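Subject: Handover of a structure, with notes on what was found

Dear colleague,

Please find the structure below, together with its sequence. I would be grateful if you kept it open while reading the notes that follow.

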Amino acid sequence: MEAAAAIMVASTVQAGMSIMQGNAQAASLKGRALMTLSRSRSDIIRSRAEALKHKKAANDALEKMNRTLATVTAYGGQGLDPFQGSVGTIATNIMKKGFSDYGAKKDSAAIEKENQAIIKYTAEFQAASYRKAASRARAAGYMGAAMSLASGYATASTLGTPASTPQYSTVNTAGPMPW
């Protein structure tokens, strides 16, 4: 009888350890989920800073274009070298370059904005996966505990009972064999 009690105590301890292990693993996974979200917020802030840099660079390109156009216009009244072209041609080339730079910088800012959305949704998906895994780890701990208790009970219930040996009959009571 003491052996059965010892087995049940051991099974109970093992069940408790299984629950603790499942809870510890769940807590670790929940921590990973929080860390993923925190890291994504940091990445989003960094991306916003990059987007602001691109917007400033776009505005700087327009300001540079305006200054250059003003300079060309001012010198245009004094007369230009015939080999340099007209004020209109030079202004057109300056505007092409200025608007090209402006467009590229604005596109970079827009890409950074999209990048922020990708970072956010990827992190939310990963965090949800970690939370789901945490839930499964906790459930696995409880399932392991139940299995430990059931196994311990099954082992303890077989102690102290005489081993049963199957009784085989040598007489055929089923009738003649079909073959």
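Two residues are said to be in contact when heavy atoms of theirs lie within 4.5 Å. With that in mind, consider the contacts in the protein chain between residues at least 6 apart in sequence: 90% of them join residues at least 24 apart. Please note that this is a predicted model.

Overall composition

The secondary structure of the chain consists of 2 helices and 0 strands. Helix H1 covers residues 2–76, and helix H2 covers residues 87–158. Of the 179 residues in the chain, 21% are buried. The accessible surface amounts to about 13,100 Å², and carbon and sulfur atoms account for 62% of that area.

A buried residue in H1

Threonine 36 is located in helix H1. Is this residue buried or exposed? Its relative accessible area is 12%, and because buried means under 20%, threonine 36 counts as buried. Leaving aside residues up to four places away in sequence, threonine 36 touches Ala123, Gln126, Ala127 and Tyr130.

Two patches on the surface

Which residues gather in a patch of positive charge on the surface? They are Arg48, Lys55, Lys106 and Lys113. Both helices take part, since H1 and H2 each supply at least two residues of this patch. Lysine 106, one of the four residues named for the patch, is found in helix H2. Its relative accessible area is 36%, so lysine 106 is classed as partly exposed, a term for values between the limits of 20% and 50%.

A second patch is nonpolar, with an area of about 410 Å², and is made by Val9, Val13, Met17 and Met20. Methionine 20 belongs to helix H1. At 54% relative accessibility, methionine 20 counts as exposed, because the cut-off for that class is over 50%.

Salt bridges

How many salt bridges does the structure hold? There are 4, and three examples are described here.

In the first example, glutamate 50 pairs with lysine 53, and the closest N and O atoms are 3.4 Å apart. Both residues lie in helix H1, with a spacing of 3 residues, which is about one turn of the helix. Glutamate 50 is partly exposed at 30% relative accessibility, whereas lysine 53 is exposed at 53%.

The next example joins aspartate 60 to lysine 56, with 3.2 Å between the closest N and O atoms. This pair also lies in helix H1, 4 residues apart, again about one turn of the helix. Aspartate 60 has a relative accessible area of 33% and is therefore partly exposed.

The remaining example is found in helix H2, where lysine 97 and aspartate 101 are 4 residues apart, about one turn of the helix. Their side chains meet at 3.1 Å, N to O. Lysine 97 is exposed, at 51% relative accessibility, while aspartate 101, at 30%, is partly exposed.

When you go through the structure, I suggest starting with threonine 36 and the residues that it touches, Ala123, Gln126, Ala127 and Tyr130. The positive patch, to which H1 and H2 each supply at least two residues, could follow.

With kind regards

Methods
Residues numbered from 1 in each chain as written. Predicted model: local features only at pLDDT ≥ 70, side-chain atom pairs only at ≥ 80, totals over all residues. Heavy atoms only, no water. Buried < 20%, exposed > 50% of the residue type's maximum accessible area, 1.4 Å probe, protein only. Patch = residues over 30% accessible without salt bridge, like charges linked within 9 Å, V, L, I, M, F, W, Y side chains within 5 Å. Areas by Shrake-Rupley, 256 points an atom, 1.4 Å probe, with all protein chains shown as cover. Lys, Arg positive; Asp, Glu negative; His and termini not counted. Charge placed at Lys NZ, Arg CZ, Asp CG, Glu CD.
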